[in-house]
Amino acid sequence: MKIQKVTFPAGGILGRFALHKITSPYFTGHCSAWFDAKGKLQDCEWIRRDGVHRRIPIGTPMYRYLESLGPIWKGEAK
């Protein structure tokens with residue numbers, strides 16, 4: 001599954017973006033994460049395999065992994 005990037009140029013702050021369908025060998029299911037224009041993580045959620053959505057606590061390994069994606073993806077095309 002490939003990560004999907006969505007940008008929010010209209011009606012919002014230019015440059016903000018979200019990443020969806022983020023997977024990793026370190027967790028099951030997938031995550032979504034929202035970033036500001038500088039690539040700083042603003043919010044995130046974990047969608048388990050059973051479809052239940054959970055917030056990801058700040059400072060956990062999963063949260064730090066998502067934080068690391070912001071600077072990488074901020075300049076990438078949609």
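Among contacts between residues at least 6 apart in sequence, 24% join residues at least 24 apart, and I should say at once that this value, like everything else I show today, comes from a predicted model. The protein has 78 residues, of which 29% count as buried, and it exposes about 5,200 Å², with carbon and sulfur atoms supplying 56% of that area.

Let me turn to the elements. There are one helix and five strands, and if you read along the sequence they follow the pattern β-β-β-β-β-α. The five strands make up an open sheet in the order 1-2-3-4-5, and the pairing is antiparallel. Strand 1, residues 4-7, and strand 5, residues 53-55, stand at the edges, and each has a single partner strand, so one side of each is left without a neighbour in the sheet. From one strand to the next, the twist averages 25°.

We can now walk through the sheet pair by pair. Strand 2 and strand 3 pair in the antiparallel sense over five bridges, and they form a hairpin with two residues between them; at this pairing, serine 24 stands opposite phenylalanine 27 of strand 3. Strand 3 and strand 4 are also antiparallel, with six bridges, one feature here being that tryptophan 34 has aspartate 43, in strand 4, as its bridge partner. The hairpin of strand 3 and strand 4 has five residues between the strands, and within this hairpin glycine 39 takes a positive phi near 90°. Strand 4, residues 41-47, then pairs with strand 5 in the antiparallel sense over three bridges, and isoleucine 47 finds its bridge partner in histidine 53 of strand 5.

A second backbone detail deserves a moment. Lysine 21, which lies in strand 2, has a phi near 60°, a positive value in a residue other than glycine. Is lysine 21 buried, exposed or partly exposed? With a relative accessible area of 32%, lysine 21 is partly exposed, because that category covers the values between the 20% limit for buried and the 50% limit for exposed.

As for the helix, helix 1 spans residues 61-73 and lies across strand 1, strand 2, strand 3 and strand 4, running at about 130° to strand 2.

Finally, the aromatic side chains. A pair of aromatic rings is described by the distance of the centres and the angle of the planes. The structure holds two aromatic pairs, and I will discuss one of them, that of phenylalanine 17 and phenylalanine 35. Why is this pair called stacked? The ring centres of phenylalanine 17 and phenylalanine 35 are 5.0 Å apart and the planes stand at 15°, so the pair is stacked, given that planes under 30 degrees apart fall in that class. The pair links distant parts of the chain, since phenylalanine 17 belongs to strand 2, residues 17-24, and phenylalanine 35 to strand 3, residues 27-35, with the two residues 18 apart. Both phenylalanine 17 and phenylalanine 35 are buried.

Phenylalanine 17 has a further partner of another kind: the charged end of lysine 5 sits over its ring, 4.7 Å from the ring centre. Taken together, then, phenylalanine 17 is a buried residue whose ring stacks with that of phenylalanine 35 and carries the charged end of lysine 5 over it.

Conventions. Residues are numbered from 1 along each chain as its sequence is written. This is a predicted model: local features need pLDDT of at least 70, side-chain atom pairs count only at pLDDT 80 or more; totals for chains, interfaces and linings use all residues. Side-chain values use heavy atoms; hydrogens and water are left out. Rings of Phe, Tyr and Trp (its six-membered ring) pair if their centres lie within 6.5 Å; planes under 30 degrees apart count as stacked, over 60 as edge-to-face and the rest as tilted. Helices (H or I, at least four residues) and strands (E, at least two) are DSSP runs, numbered from the N terminus. Buried means under 20% relative accessible area, exposed over 50%, partly exposed in between (1.4 Å probe, protein chains only). A charge sits over a ring if NZ of Lys or CZ of Arg is within 6 Å of the ring centre and within 35 degrees of the ring normal. Two strands pair if DSSP finds at least two bridges between them. Axes are lines fitted to C-alpha atoms, for helices over the stretch in contact, and angles run from 0 to 180 degrees between N-to-C directions. Contact means heavy atoms within 4.5 Å. Accessible areas come from the Shrake-Rupley method with a 1.4 Å probe; for residues, only the protein chains shown count as cover.
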